[in-house]
Amino acid sequence: MFLIPGFLISFVTFPGVMMHELGHQLACWLSKVCVFRVQYFKFDAKVAGFVEHERTDNPWKSLLITYGPFIFNTILGTILVLPLSLMWAANANRVILPIWVRPVCYIIAYFGVSCLANAFPSWKDAQNLFESVVKNKALPLLPRILVAPFVIIIGLCSAAKFFWFDFIFAFGVPELIYAIITHNPPHFWTMW
Amino acid sequence: MDGFQFEYDPGLCRHCHKRYIDRNSGNPNEFLCKECRAELTKLRIPKWLLLFMAVVITAAIVMSVYLGKIVMNNSTGRAALSEGEKVLAEVDALLAEHKNYSAMEVLYEYLEANPNNTEVALSGIEKAMEIGQYDYAASIYNTCLSPKGYTDDEIKEIDKIYAELNRYYGTFDKVGEALSEYVSEVGTDMSDESKEALRKKCYNKVLALKDDEGCEKNIIYYCVGTYLTGNLDESERYLKMAYNYAPLTDEIAGRLAVNERRKGFMSAAWEWVDKGEKVNAEGIEVRRAKATILLAEGKYEEALSVMEELYAFSPDGSYVRDTYCIALYATGHIDKMKTVMSEAKETDYEFDEEFHKVISNRMSIYDYYVEGDE
């Protein structure tokens with residue numbers, strides 16, 4: 001596997017990092033949880049972005065705040081990669097498009113792919129969720145049991161990032177949209 | 001004063017340190033005043049980020065609508081492609097049975113209804129040209145490949161097809177000019193020597209076209225072999241030279257079968273019929289040659305069966321009416337024969353003298369087909 005330092009990937013996909021933090025912020029707002037400080041992005045090798053919010057003992061609010069970026073980034077990323085999928089579909093239909101379409105689609109898709117690549121909660125998010133819910137003995141047992149698998153999922157996804165899982169997801173979404181539109185199997189290497 | 005002493009009040013809001021914590025909020029662990037909580041739970045997104053997101057999302061939506069309309073309008077998506085694939089599979093199946101005309105009709109019918117299916121059109125043209133059905137190839141070309149946007153590869157393929165079709169039809173045009181001249185000059189009151197001299201003149205003129213780079217040699221050999229030679233052996237020589245040229249193979253096989261039949265070599269004639277059927281089982285010349293061999297061998301009912309199908313398929317084919325009428329005559333269907341003859345008269349078709357001899361019993365069918373005129 002190609003080993004590229006995580007902070008470099010964050011720098012390249014900084015729009016996605018910003019949307020990730022915005023996803024946490026939106027989830028806090030929906031849950032009426034106070035947000036003290038938001039750093040959308042910083043060129044820092046350790047922490048590119050963060051959202052400082054109040055601690056909540058509500059397990060469902062904690063879950064929403066942790067998974068907020070996944071929901072928000074996936075929706076936004078899908079909207080942003082849609083032009084790329086449609087451009088591929090037009091190419092498959094042998095339509096000759098104006099010359100400006102391709103670069104515009106690629107630029108918009110860059111933001112979309114960045115969002116999708118940064119959709120998954122981080123290992124820190126998993127730790128926060130674990131501490132605030134699963135490990136919190138003040139909470140009833142049922143919500144702690146129900147939230148635990150979500151922590152495991154984040155852990156697995158974080159580990160899978162070593163195998164570029166985040167980028168497989170990021171490029172897989174436009175491929176899937178293309179396949180749905182055209183009923184063709186995705187053929188990544190010839191689409192460009 | 002020795003130093004500033006700050007007295008910490010635990011009841012103060014942890015955020016502003018000015019107002020008191022809202023103990024009525026219902027949260028036993030509350031640490032903010034009412035105002036700070038209201039402020040901190042607001043969604044505060046920097047204006048520049050909002051603007052940036054608005055621009056990018058708007059661009060994405062506009063591009064999606066623009067491209068979506070294009071895709072919808074030009075859809076040869078999977079549904080259309082899979083339908084096209086089914087048609088091509090049906091065409092292949094028919095070609096495997098050498099039912100060339102049926103295959104071309106299936107293909108053409110589909111493309112008439114779906115002229116935008118460029119992939120099927122290009123595959124169809126390739127298949128048509130492989131089996132020598134240049135007329136169908138040209139029709140598909142005109143119907144489907146009319147002005148629209150193409151990729152560079154498609155343009156190259158279309159240019160190649162156009163050059164090939166142009167060469168094919170161009171050669172027939174040039175040969176046709178020479179033959180028209182010959183036909184217009186030959187008169188019934190001319191002596192045999194004069195007719196022979198004109199034939200030789202036309203023969204040399206047509207043969208000279210093989211040095212024209214824009215002409216297809218095989219078409220020239222075919223035309224010379226069919227229309228301009230003095231005897232069967234010379235005709236056979238030229239036809240065999242053009243035999244492997246796909247557009248003409250089955251027709252040449254039919255003509256060679258007729259030549260062998262006229263010389264009385266029935267087994268050789270059958271060999272040519274078999275070869276022709278393997279290329280195009282629906283070939284007009286092949287089927288007619290088959291019927292004439294059956295008539296010469298006295299198998300009249302079989303010949304009639306072949307000719308009934310062929311007449312229904314192509315009543316205007318070369319000598320098709322003649323052969324059908326003779327098959328009807330041979331099997332005793334005189335009334336039907338007369339009907340076909342009067343239908344032919346309406347189209348100004350003329351039967352030759354030997355034909356009339358046969359149907360008036362002044363010449364046997366065998367003599368007509370062996371060492372006879374046709």
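**Notebook: the A/B contact, a nonpolar patch, salt bridges**

I began with a charged pair across the two chains: the side chains of Arg37(B) and Glu54(A) form a salt bridge, with N to O at 2.8 Å. The model is a predicted one, and I read the distance with that in mind. I noted that side chains of opposite charge can pair when their charged atoms come close.

Next I looked up how many salt bridges the rule finds across the interface of chain B and chain A; the count is 1. For polar contact across the interface of chain B and chain A, I found 4 residue pairs, both residues at pLDDT 80 or more.

I then asked which helices of chain B supply at least two residues each to the side that touches chain A. I listed H1 (34-40), H2 (47-73), H3 (78-96) and H5 (118-130) of chain B. H2(B) gives the most, with 15 residues. By residue class, I split the side of chain B that touches chain A into 21 nonpolar, 12 polar and 6 charged.

For the extent of the contact, I recorded 39 residues from chain B and 40 residues from chain A. The two chains bury about 3,200 Å² between them, and 73% of that lies on carbon and sulfur atoms.

I turned to the surface and found a nonpolar patch of about 710 Å² with residues from both chains. Chain A provides Trp29(A), Leu30(A), Leu64(A), Ile71(A), Ile75(A) and Ile79(A), and chain B provides Ile61(B) and Val65(B). I traced the patch to helices: H2 (14-30) and H3 (59-92) of chain A and H2 of chain B each supply at least two of its residues. H3(A) has the largest share, 4 residues. I placed Ile61(B) in helix H2 of chain B, the helix that also gives the most to the side of chain B touching chain A.

Last, I checked salt bridges over all chains and counted 26. One that I looked up is Arg19(B) with Glu35(B), whose closest N and O atoms are 3.4 Å apart. This pair links distant parts of the chain, 16 residues apart: Arg19(B) sits in the segment before H1 of chain B, and Glu35(B) in helix H1 of chain B.

How values were computed: Residues are numbered from 1 along each chain as its sequence is written. Chains are lettered from A and ligands numbered from 1 in the order in which they are written. This is a predicted model: local features need pLDDT of at least 70, side-chain atom pairs count only at pLDDT 80 or more; totals for chains, interfaces and linings use all residues. Side-chain values use heavy atoms; hydrogens and water are left out. Contact means heavy atoms within 4.5 Å. Buried area is the accessible area (1.4 Å probe) that two parts lose on being put together, summed over both. A salt bridge is a side-chain nitrogen of Lys or Arg within 4 Å of a carboxyl oxygen of Asp or Glu. A polar contact is a pair of N or O atoms within 3.5 Å; within protein, one must be able to donate a hydrogen and the other to accept it, and residues adjacent in sequence count only if both atoms are side-chain atoms. Ala, Val, Leu, Ile, Met, Phe, Trp, Tyr, Cys and Pro count as nonpolar, Asp, Glu, Lys and Arg as charged, and the others, Gly among them, as polar. Patches are made of residues with over 30% relative accessible area and no salt bridge: like charges are joined within 9 Å, nonpolar side chains (Val, Leu, Ile, Met, Phe, Trp, Tyr) within 5 Å. Accessible areas come from the Shrake-Rupley method with a 1.4 Å probe; for residues, only the protein chains shown count as cover.
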